[in-house]
Amino acid sequence: MSGRRHLLAATAGLLAAAIAGDAGAQQRLASLYMFIPAGPGGGWDGLGRAIEQVARQAGLVGSFQFENVGGAGGSVGLPRFVGQRRGRPDALMVTGSIMVGATLTNKTPVGMKDLTPVARMTEEAGVVVVPASSEIKDIKGLFDALKANPGGTSVAGGSAGGTDHITLGLILKALGRSAKEGSYVAFAGGGPAQAAILGAQVKAGISGYSEFAEQIKSGRMRALATTGGQRLDPSIPTLKESGVDVVMTNWRGVFAPPGIRPDARDKLVALMTEIHALPAWTEMLKTREWADAFLTGEAFSAFLTQDVTQTEAVLKEIGLA
């Protein structure tokens, strides 16, 4: 019996060692520093925490350290990340399209060009709305109003120079008007913007679809068009299929610091690719109602270059860059 107990114990020990060995082989990083250039609880923070949850459950990363530094659309935290984490292979920053506009608007010396692109993860399309009482019944009606009198057709949205503002600028350009002719009313949060739209203080509004979803469902707002490449709702057309060649989403992704070695960057890309392939990540996207926008490598770099160029052109025309 004693010999059998020793044999069972030895077998159990070998099995445990094998399992530990598998976990060690699977683990890509012992620890990962995650920098969020915004306050806790926002979209960038949410993406960072979701990555942590899925990566730790899968044993891909041993531990995470978070730091939040908010302000000015991420342009306050960006120089800190670039300066303090330069060359570090175990650091990622969560950011996205809002920072593209913020760094250009604020004319910061440090910009997206100073980061190492790793992966675009998610995106959210916007929606163009009017109050239910509006005389504008469809997106063509809004296009007509913007073409005839852009300055008299006020549109509410988020911060000046942000995704909503740029969307309006691109619509005006596509309609043959100048982006600077638009009458854009910026609000710091979704609540005040909703109140202005529902109170008919502005003619229309633009924001992320989730921001206005409840008001659309309740019938208090009329959705005219969404800003993504495909319909979010079968009954709401996209801008592009409505005759305006504009596709604009609020994308979010992860970047490494400057100065890291190519093999370190490849390891971070592989980590995000593994996370993206997990069923737990698919479930996370569904639970959070995030659209999958996964992109890495040269394709992500090319997308980023195009996004910065397009954003800069609109902001210059508006007079914000």
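Which residue in β2 is the bridge partner of F35? In this predicted model, the bridge partner of F35 in β2 is E67. That pair is a convenient place to enter the structure, and the paragraphs below work outward from it.

F35 belongs to strand β1, which spans residues 29–36. Six of the eight residues of β1 are buried, so the strand is largely enclosed by the rest of the structure. Strand β2 covers residues 61–68 and pairs with β1 in the parallel sense, over seven bridges. Helix α2, made of residues 43–57, joins the picture here: β1, α2 and β2 together make a right-handed β-α-β unit.

Strand β1 has a further partner in β3, residues 91–96. These two strands run parallel and are joined by three bridges. F35 can be followed across to β3 as well, where F35 stands opposite M93, while M34 stands opposite L92. Strand β3 is in turn joined by four bridges to β9, residues 249–256, and this pair runs antiparallel. Within that pairing, V94 stands opposite V254.

How many of the six residues of β3 are buried? Six of the six are, so β3 is largely enclosed by the rest of the structure. Both of its faces are covered, with A91, M93 and T95 buried on one side and L92, V94 and G96 buried on the other.

Just ahead of β3 comes D90, in the loop between α3 (77–85) and β3. With the cut-off for burial set at under 20% relative accessible area, D90 counts as buried because its relative accessibility is 19%. The side chain of D90 makes a polar contact of 3.2 Å with the side chain of R88. Beyond its neighbours within four places in sequence, D90 is in contact with S31, L32 and Y33.

The nonpolar interior comes next. In soluble globular proteins, nonpolar side chains tend to be buried together. Here the largest nonpolar core has 78 residues, and those touching the most other members are L32, M34, L92, V118, M272, I275 and W281. A second, separate core of 15 residues includes V202, F212, A213 and M221. Returning to M34, and not counting residues up to four places away in sequence, this residue touches G48, I51, F64, Q65, F66, E67, L92 and V94. E67 in that list is also the bridge partner of F35, and L92 is the residue that M34 stands opposite in β3.

Two loop residues deserve a look for their backbone angles. Most residues other than glycine have a negative phi. K107, however, has a positive phi, near 50 degrees, and A200 likewise has a positive value, near 60 degrees. K107 lies in the loop between α4 (97–105) and β4 (116–131), and A200 lies in the loop between α7 (190–198) and β7 (204–208). K107 is exposed, with a relative accessible area of 57%, whereas A200 is partly exposed, at 48%.

A word on confidence completes the account. The mean pLDDT of the chain is 90, and 92% of its residues reach 70 or more. Over residues 1–25, by contrast, pLDDT stays under 50, and the model has one contact beyond four places in sequence for this stretch.

Methods
Residues are numbered from 1 along each chain as its sequence is written. This is a predicted model: local features need pLDDT of at least 70, side-chain atom pairs count only at pLDDT 80 or more; totals for chains, interfaces and linings use all residues. Side-chain values use heavy atoms; hydrogens and water are left out. Buried means under 20% relative accessible area, exposed over 50%, partly exposed in between (1.4 Å probe, protein chains only). Two strands pair if DSSP finds at least two bridges between them. A crossover is right-handed if, with the strands pointing away from the viewer, the path from the first strand over the helix to the second runs clockwise. A polar contact is a pair of N or O atoms within 3.5 Å; within protein, one must be able to donate a hydrogen and the other to accept it, and residues adjacent in sequence count only if both atoms are side-chain atoms. Contact means heavy atoms within 4.5 Å. A nonpolar core is a set of buried Ala, Val, Leu, Ile, Met, Phe, Trp, Tyr and Cys residues joined through side-chain atoms within 4.5 Å. pLDDT is the predictor's confidence in each residue, from 0 to 100.
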